[in-house]
Amino acid sequence: MERSVLVEMKKMSDNLGESFYFDVHITKDSATVQEYIDALNAFQETYMQSCLGCGNCCYTRVPLLSIDVWHYLREFPQLAQTEKPLHAFMSRYGEVVAAGETLDMQLAKKENGACIFLQEDDQACAGYSARGLACQTYFCLPESVLAKEIRSAVINQGIDELARAYLAEEGQDTSAYEKNAYWGKRSYNTVLLKDILPQEIWQKAFCCP
Ligand code: SF4
Ligand code: SF4
């Protein structure tokens, strides 16, 4: 079946020689965020045998999106069943960082800077089955400007919706946030890329096969 999200390896030549990067395009109006994640995962499996499993990317800021947290909460029913599940999760596994008038939502870190879910004996992810969109869409290969813009928009809107829902859970002021396409959604299958991406990015990303 034809993919709705294409991730392609591209070659670039300059004075320093040849190098590779990846690019992303969307071929169907109906493409979902889950299909974007799946396309990147499939690309990694095909081309990224060189991932060293070094875990370095697990020592950087790991953004959390609203749907990521709902996925994690399925793994932690004791937190999901509390009165304020988002607060219960964020106080145990997340970090809320004030960024001007908005909030940045991240996975918590240990004292040494490692992600809260990184097992340091074998550098494996203890939360692998529920790992979030940022983890599933990152790999060590340069990306096109467009690929970067798509990923940033998909992540930033998810962070904003988590921040909005987190504040709303305690009845706090959410006026810094407009409801976006993640609002009320618990699955990436139900969120369309065309509803997430700003028009100028969508126009560059959407190409008919
Ligand atoms: S994606 Fe890169 S930083 Fe992360 S484990 Fe693989 S090689 Fe290491
Ligand atoms: S959730 Fe897992 S894959 Fe993602 S940063 Fe943490 S340990 Fe690494």
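Which residue stands opposite L107 in strand 4? The legend to View 1 gives the partner, G94. This is a predicted model, in which local features need pLDDT of at least 70, side-chain atom pairs count only at pLDDT 80 or more, and totals for chains, interfaces and linings use all residues. Residues are numbered from 1 along each chain as its sequence is written, while chains are lettered from A and ligands numbered from 1 in the order in which they are written.

**View 1. Strand 3 (residues 94-99) pairs with strand 4 (residues 102-107) in the antiparallel sense over six bridges.** Strands are DSSP runs (E, at least two residues) and helices likewise (H or I, at least four), numbered from the N terminus; strands pair if DSSP finds at least two bridges between them. Two residues lie between the strands of this hairpin, where G100 takes a positive phi near 65°.

**View 2. I116 is found in the loop between strand 4 and strand 5 (118-119).** I116 has 17 other C-beta atoms within 10 Å and is therefore partly exposed (buried means 20 or more such atoms, exposed 12 or fewer, partly exposed in between; C-beta atoms are placed from the backbone). Y93 is 23 residues from I116 in sequence, yet 6.6 Å away in space, C-alpha to C-alpha.

**View 3. The axes of helix 2 (residues 66-75) and helix 6 (residues 145-169) come within 7 Å and cross at roughly 65°.** Axes are lines fitted to C-alpha atoms, for helices over the stretch in contact, with angles from 0 to 180 degrees between N-to-C directions.
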